[in-house]
Amino acid sequence: LKIRSPSLFLFSCWREILLHLETVRASNSYMSYPFLCISEEDDVQKMYEAELLFLESCLKVNPKSYGSWHHRGWVSARLPRPDWARELGLCDRCLSLDDRNFHCWDYRRMVVKMSGVPVDQELQFTDRLIGSNFSNYSSWHYRSTLLPLLHPESPDPPSPCHQHSHSSPPPSPQTHSHRVCEEQLLKEYELVQNAFFTDPNDQSAWFYYRWLLGRAEREEMISCVFVSREEERVAVAFSRPVNASSSGLMLVLDGQPQRVEWRSVHPHFRHSPVWVSFPSWSWPHLIVLLPSFKGRSESWCRDSATDQELFRSELSVEKTSVLQSELQSCNQLLELEPQNKWCLLTIVLLMRALDPLGYERETLSHFQTLKEVDSMRSAYYGDLCSKFMIENTILKMEYAEVRVFSLSDKNLTMLCHLDQLLLVTHINLSCNQLLRLPPQFAMLQCLEVLEADDNAIENLDGLYYLPKLQEVSLKNNQISKLSDLQLLTSCPKLTCLDLRGNPVTQIANIQSELTELLPSVTDLLI
Amino acid sequence: MGTQVKDVVIKSDAPSALLLDKHADYIAAYGSKKDDYEYTLSEYLRMSGIYWGLTVMDLMGQLTRMNQQEISDFIKSCQHDCGGVSASIGHDPHVLYTLSAVQILSLYDNVNVLDVDKVVEYVRGLQQEDGSFAGDKWGEIDTRFSFCAVATLALLGRLDAINVDKAVEFVLSCMNFDGGFGCRPGSESHAGQIYCCTGFLSIAGQLHQVNADLLGWWLCERQLPSGGLNGRPEKLPDVCYSWWVLASLKIIGRIHWIDKSKLRSFILACQDEETGGFADRPGDMVDPFHTLFGVAGLSLLGEGQIKDVNPVLCMPEDVLERLGLHPDLLS
């Protein structure tokens, strides 16, 4: 493929020649025809139009050459009188032969921009392509960029605490379907549904639909603050990863800003949702940081997960009713095509959008089916299901004691949303399929008791400087080397450690090695 | 009714064992016949060709079979006054070949064959006001060139020469509805561009901006029933995507979402048992490009006989260790 295309170098040479000719023609025209009306512009126009004709033949031979398309763009930009309608026509023809040619799509986008083609005209163009062709991912993609332009959601009033720090650029609007106004979004659901009902194996429509079901990224804000007099510590959880050490997180006490150093919970992360501080002020002066703090040894402040719409977008009455009927239709499709993984996954996503807790049982059953019909991706489905089960447990947390958290026996293959667990004192992860406690686990800054028996844990990276951690149970895991336990030395309050059923216990002299490594662990079970 | 899945079928007699010695012989002999037709036609990318050959030889522990002096002399004669490096002698400089040259010299621990300050100046001069990078003086903009720019500077320890924040802003503006990235803002997601952008964000320390779950899903859906990976929906599998897709997954911490054993079988089937080397798909003609990415893909899958490859820079990890370079990876 690379060999058959005219190389960049060839085009470079041509452009040098063309530029030279431009100037030669200009100077020649002036010198030879000072009183004639033939503009040198006409000569340049003719020269470049000939070039365009030549380029068209190049593109016929190889329509996928970066060099040819770039050169055509370069020529078009230098034409005194560009014919954008002709260029658009060229794109139409090229795309009718291959509507996945991204070079041509990119060229088209340039032509549209230069000539001011209206957005709704381009939207109609995608309608035509989608209506007539199956292989149309490129058209759906283009739609995703056009919709927010033509049907924007009304802009949110700027919130006072929403600041873009210079080190953290705003995310691309193309990733968030919420940037499209709801009325249009609902029409779009209908359009996509037609597509995947016509051909349930056309993956483009299913990918696009997932985007439509998606939600806005949360605004950057503080979601939880924890203060401990005992450890002389403040921990802050943000709604997304930030770099608090450089973006000016200020601790204000009784109206006085304090000089405070913040560190992320694990050295692995320069950007983290959770940050801890070691204030240098002396504690008797800490009177009121949080209204509830007076006289207590610790206090916290946390937004409700359900109120925050933590895991799904807000649903209006119209949207709820549309999604419910979509769910019904997809269920009907599933009856016709019980092995269609796109349909299964989409049903799960619809259920998550409508009622994550109410549909928990069906969700688990569908994931089981997904792992069977699409076994190559069973690890993906395992992780996605784990994520949803963790979300459900967090949502249920709203109605019970906030500080004890059980995830046992949930088939978990990974851990996530750990930034939501800043206040948890007891966590039960037993009887799952976890391979490790990742660095993010260090966000559990209040953890006192960890139960993680009967997993496949071989890595404890996340047990890093957990100041209140007293008891750790890791029975029947895959800890195999003494060095795997090295990090436990960073947890000053650790007194109980259960390592029974781990390969590491078979090492000679393990009892004495462990006593030497962890002298404060008085209750050691191997 | 409906679309058939585009894919290949692996024949039962396709190679299933790793033939590293044959591949080393193939690369060592490649280019020894300087008047070979295909070799001549690919002169316009010679610098990259050398990078592919040397890197795969190093991964196989066979770098010493290549002619370091000849290659260093060649590179020196390809650096232009502006500081940029061209693909071959007499060709024009470009950021693609500037990166390849710096990568080659890094393998040999000899970057000073080039005037490093001038290389840095050349790269700095390619950055545009919106943070993007042109490939050369003719102004083609592409996120591939953003990657080439930061990778070159990272290897030289000179990332401070450009406006990294602006460069990040441009790359993020190329993020699409599916979590992937294209050439320019508005361009469709493509595995090659995704590799370049995730690699870029890793070097720039901004991987947390990626929607890893969404992008990881799009990437793992590249795997077809044959076990091979394609570059975007409804395209045929190609062994080079074993690199672009797999490295991207490794960078965002989701490489386990691919069926590793099926992919391994596909990659091995792309070998040519007679000539050595890898082709884009089973039965096709081999070339050094696909040979590197087949071997590098196998390295990411944990192949014991191959050195560990760094997923961001596509160079042996031990070379980066020596340079003290540890680009971020998501866990």
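1. Before we get to the sheets, one bit of vocabulary: two strands pair if DSSP finds at least two bridges between them. Keep in mind too that this is a predicted model.

2. Let's use that definition on chain A straight away. Strand β12 (residues 496-498) of chain A is joined to β13(A) by three bridges, and the two strands run parallel. If you want a spot to click on, find A:Leu497: the residue opposite it in β13(A) is A:Leu524.

3. Now zoom out from that pair. β12 and β13 belong to an open sheet of six strands in chain A, ordered β8-β9-β10-β11-β12-β13, with parallel pairing. At its edges sit β8 (404-406) and β13 (523-525) of chain A, each of which pairs on one side only. Going from one strand to the next, the twist averages 5°.

4. There is also an open sheet of five strands in chain A, and here the pairing is antiparallel. Try tracing the order on your screen: β5-β6-β2-β1-β7. The edge strands are β5 (262-264) and β7 (298-302) of chain A, and each has pairing on one side only. Neighbouring strands in this sheet are turned by 20° against each other on average, ignoring direction.

5. For a closer look at that sheet, go to β5(A) and strand β6 (residues 272-277) of chain A. They pair in the antiparallel sense over three bridges. A:Trp262 has A:Ser277 in β6(A) as its bridge partner. As general background, strands of a sheet pair through backbone hydrogen bonds, either parallel or antiparallel.

6. Next up, the place where the two chains meet. How many residues does each chain bring to the contact? Chain B gives 62 residues and chain A gives 60 residues. Between them the chains bury about 5500 Å², with 56% of it on carbon and sulfur atoms. On the chain B side, the residues losing the most area to chain A are B:Trp138, B:Phe177 and B:Trp217, which together make up 18% of what that side buries.

7. What about charges and polar groups? Seven salt bridges are counted between chain B and chain A. A nice one to show is A:Arg100 with B:Glu188, where the closest N and O atoms are 2.9 Å apart. The interface also has 24 residue pairs in polar contact, both residues being at pLDDT 80 or more.

8. Which elements of chain B give two or more residues to the side that touches chain A? They are α2 (37-41), α8 (164-172) and α10 (212-220) of chain B. The largest share, five residues, comes from α10(B). Sorted by class, this side of chain B has 22 nonpolar, 19 polar and 21 charged residues.

Note on methods
Residues numbered from 1 in each chain as written. Chains lettered and ligands numbered in written order. Predicted model: local features only at pLDDT ≥ 70, side-chain atom pairs only at ≥ 80, totals over all residues. Heavy atoms only, no water. Contact = heavy atoms within 4.5 Å. Buried area = accessible area lost by both parts, 1.4 Å probe. Salt bridge = Lys/Arg side-chain N within 4 Å of Asp/Glu carboxyl O. Polar contact = N/O pair within 3.5 Å; in protein donor to acceptor, adjacent residues only side chain to side chain. Helix = DSSP H or I, 4+ residues; strand = E, 2+ residues; numbered from the N terminus. Nonpolar A, V, L, I, M, F, W, Y, C, P; charged D, E, K, R; others polar. Axes fitted to C-alpha atoms, helices over the stretch in contact; angles between N-to-C directions.
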